[in-house]
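Subject: Handover of a protein structure

Dear colleague,

Please find the structure below, followed by an account of what was found in it. I would be grateful if you read the account with the structure open beside you.

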Amino acid sequence: MKITDGISFAIPSDDVKKFLAKADQYKQEKLTLNKSRPPYIGIMSLTLTPNIAAQLRSRPEIINLDIDHGLFVAEVKRGSPACQAGIKKYDVIMKMDNFDLNDYEDLIRAIKDKQMVKCTVRREGKDLEIYVKPRYPTD
């Protein structure tokens with residue numbers, strides 16, 4: 001695998017099958033929150049696995065990635081709840097309100113019907129507690 005300016009990954013077909021099965025389940029549930037869309041915090045994330053963590057560790061801009069679970073923050077939308085709370089690119093969100101995050105669906109469930117969530121974040125080898133106020137999309 002060649003890594004260029006972006007981050008490239010090979011995803012095992014079993015992982016894709018699991019993802020598609022979860023996506024179908026998620027689509028059928030549709031997160032009925034009395035809103036047409038679920039709340040958000042404004043991040044683009046990657047589910048951290050041992051294989052992905054190993055590949056990320058080879059990137060010079062990623063410092064002290066010493067865990068292999070949680071949500072790796074690839075981007076933080078400017079002005080978003082995550083940005084306002086202090087979540088940064090390359091952070092790993094490990095927990096929300098003491099609930100382990102294993103994938104993005106866990107994040108959606110964790111912020112459902114919440115005014116504020118406590119995030120346990122790993123940044124450069126240190127654990128931080130950051131409080132985020134989820135909000136609903138306006139457009």
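Two strands are said to pair if DSSP finds at least two bridges between them. Helices (H or I, at least four residues) and strands (E, at least two) are themselves DSSP runs, numbered from the N terminus. One such bridge links Phe72 to its partner in β3, Val92.

Before going further, please note that this is a predicted model, in which local features need pLDDT of at least 70 and side-chain atom pairs count only at pLDDT 80 or more, while totals for chains, interfaces and linings use all residues. Residues are numbered from 1 along each chain as its sequence is written, and side-chain values use heavy atoms, with hydrogens and water left out.

**Overall organisation**

The protein has 4 helices and 6 strands, and along the sequence they follow the pattern α-β-α-β-α-β-β-α-β-β. Of its 139 residues, 32% count as buried; here buried means under 20% relative accessible area, exposed means over 50%, and partly exposed lies in between (1.4 Å probe, protein chains only). The exposed surface of the protein amounts to about 9000 Å², of which carbon and sulfur atoms supply 51%. Such areas come from the Shrake-Rupley method with a 1.4 Å probe, and for residues only the protein chains shown count as cover. A contact means heavy atoms within 4.5 Å. Among the contacts with a separation of 6 or more, 56% are between residues 24 or more positions apart.

**Strand β3 and its partners**

Why is strand β3 described as largely enclosed by the rest of the structure? The reason is that 4 of the 5 residues of β3 (residues 92–96) are buried. β3 pairs with strand β2 (residues 71–76) in the antiparallel sense over 2 bridges. With β5 the pairing is also antiparallel, over 4 bridges, and here Met96 stands opposite Cys119. Strand β4 (residues 99–100) runs antiparallel to β3 and is joined to it by 2 bridges; the bridge partner of Met96 in β4 is Phe99. The hairpin of β3 and β4 has 2 residues between the strands, and Asp97 takes a positive phi near 50° in it.

**Strands β5 and β6, and Lys118**

Strands β5 (residues 117–123) and β6 (residues 126–132) pair in the antiparallel sense over 7 bridges. Their hairpin has 2 residues between the strands, and Glu124 takes a positive phi near 50° there.

Lys118 lies in strand β5 and stands opposite Tyr131 in β6. Is Lys118 buried or exposed? Lys118 counts as buried because its relative accessibility is 18%. Leaving aside neighbours within four places in sequence, Lys118 is in contact with Lys95, Met96, Asp97, Asn98, Glu129, Ile130 and Tyr131. For one of these, Glu129, the C-alpha to C-alpha distance from Lys118 is 6.5 Å, with their positions 11 residues apart in sequence counted as separation.

**Two further charged residues**

Arg78 is found in the loop between β2 and α3 (81–85). Arg78 counts as exposed because its relative accessibility is 79%. Arg78 and Gly42 are 36 residues apart in sequence, yet 8.1 Å apart in space, C-alpha to C-alpha.

Glu105, by contrast, lies in helix α4 and is buried, with a relative accessible area of 19%. Setting aside neighbours within four places in sequence, Glu105 is in contact with Lys22, Ala23 and Tyr26.

**The largest pocket**

Rolling a probe the size of a water molecule over the atoms shows where empty space is left. The largest pocket has a volume of about 870 Å³. Of the 22 residues that line this pocket, the closest to its centre are Asp15, Phe19, Thr47, Thr49 and Asp103. On a 1 Å grid over the protein atoms alone, a pocket is an open set of points where a 1.4 Å probe fits, with protein on both sides within 12 Å along at least five of seven lines, and lining residues have an atom within 4 Å of a point. Grid points are joined across faces, edges and corners, and the volume is the space filled by probe spheres set on the points.

Which elements supply the lining? α1 (13–29), β1 (43–47), α2 (50–57) and α4 (104–111) each supply at least two residues, and α1 gives the largest share, 6 residues.

Yours sincerely
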